[in-house]
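Student: Please pick one part of this structure and take me through it closely. I would like to know where it sits and what it touches.

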Amino acid sequence: YTSKDAPHRAFLRQPKELLPGKDYEMYVDLGAYGIPRAVIEKRPFDIVKCSRDVESFVYSVHGFQMLYADTYMNKEEFEKMFDHEHYHKMKKRYDQDNGFPEVFDK
């Protein structure tokens, strides 16, 4: 719900059918496309540092990395962002020989 004076545009409408008394959360899938300005201007650009900064921010606001994108998290960070408690129980129960790759390794 963007005011006309906002420095950006958002095309969201007020939801019509929210149930009273419920807690709602909104997830936004943001993508960055194109060539970074620093690269165009032939200045140094560290994609790993930039991406890790974004991942750190997303984690700090209780968000989630979309897994179709590259991730630069290590396994420990990945398992903090995505709770693996149930995953590890099922892996131990049904894949004791490690016939399937870990989710992180995919």
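Tutor: Start with one set of words. Buried means under 20% relative accessible area, exposed means over 50%, and partly exposed lies in between (1.4 Å probe, protein chains only). Try the words on valine 28. With a relative accessibility of 56%, valine 28 counts as exposed.

Now the ground rules. This is a predicted model, where local features need pLDDT of at least 70 and side-chain atom pairs count only at pLDDT 80 or more, while totals for chains, interfaces and linings use all residues. Residues are numbered from 1 along each chain as its sequence is written, and side-chain values use heavy atoms, with hydrogens and water left out.

Next, the overall plan. The protein has four helices and zero strands (DSSP runs numbered from the N terminus: helices are H or I, at least four residues; strands are E, at least two). Read from the N terminus, the order is α-α-α-α. The protein has 106 residues, and 12% of them are buried.

The part I pick is lysine 91. Where does lysine 91 sit? Lysine 91 belongs to helix H4, which covers residues 85-94. Is lysine 91 buried or exposed? Its relative accessibility is 12%, so lysine 91 counts as buried.

What does its side chain meet? The side chain of lysine 91 makes a polar contact with the side chain of aspartate 95, at 2.4 Å. A polar contact is a pair of N or O atoms within 3.5 Å; within protein, one must be able to donate a hydrogen and the other to accept it, and residues adjacent in sequence count only if both atoms are side-chain atoms.

Now widen the view to contacts in general (heavy atoms within 4.5 Å). Set aside the neighbours within four places in sequence. Lysine 91 is then in contact with Gln96, Asn98, Phe100, Pro101 and Glu102.

Follow one name from that list, Glu102. Glutamate 102 lies in the segment after H4. Its relative accessibility is 17%, so glutamate 102 counts as buried. Which residues does glutamate 102 touch, not counting those up to four places away in sequence? They are Lys75, Tyr87, His88 and Lys91. Lysine 91 thus turns up again, this time from the glutamate 102 side. Put the pair together: lysine 91 is in helix H4, glutamate 102 is in the segment after H4, and lysine 91 is in contact with glutamate 102.

For contrast, look at some loop residues. Lysine 42 lies in the loop between H1 and H2. Its relative accessible area is 75%, so lysine 42 is exposed. Compare the two lysines: lysine 91 is buried, whereas lysine 42 is exposed.

Lysine 42 also has a backbone angle to check. It is not a glycine, yet its phi is positive, at about 60°. Most residues other than glycine have a negative phi. Histidine 62 is another case: its phi is positive, near 65°, and it is a residue other than glycine. Find histidine 62 in the loop between H2 and H3. Histidine 62 counts as exposed because its relative accessibility is 67%.

Arginine 43 is in the loop between H1 and H2. Its relative accessible area is 44%, so arginine 43 is partly exposed. Which residues does arginine 43 touch, not counting those up to four places away in sequence? They are Arg37 and Ala38.

Last, go back to valine 28. Valine 28 is in the segment before helix H1, which covers 37-40. Valine 28 and glycine 63 are 35 residues apart in sequence. In space, they are 9.2 Å apart, C-alpha to C-alpha. How far along the chain do contacts reach overall? Take the contacts in the protein with a separation of 6 or more: residues 24 or more positions apart account for 21% of them.

To recap the chosen part: lysine 91 is buried in terms of accessibility, at 12%. Its side chain has a polar contact with the side chain of aspartate 95. Its contacts beyond four places in sequence include Phe100, Pro101 and Glu102.
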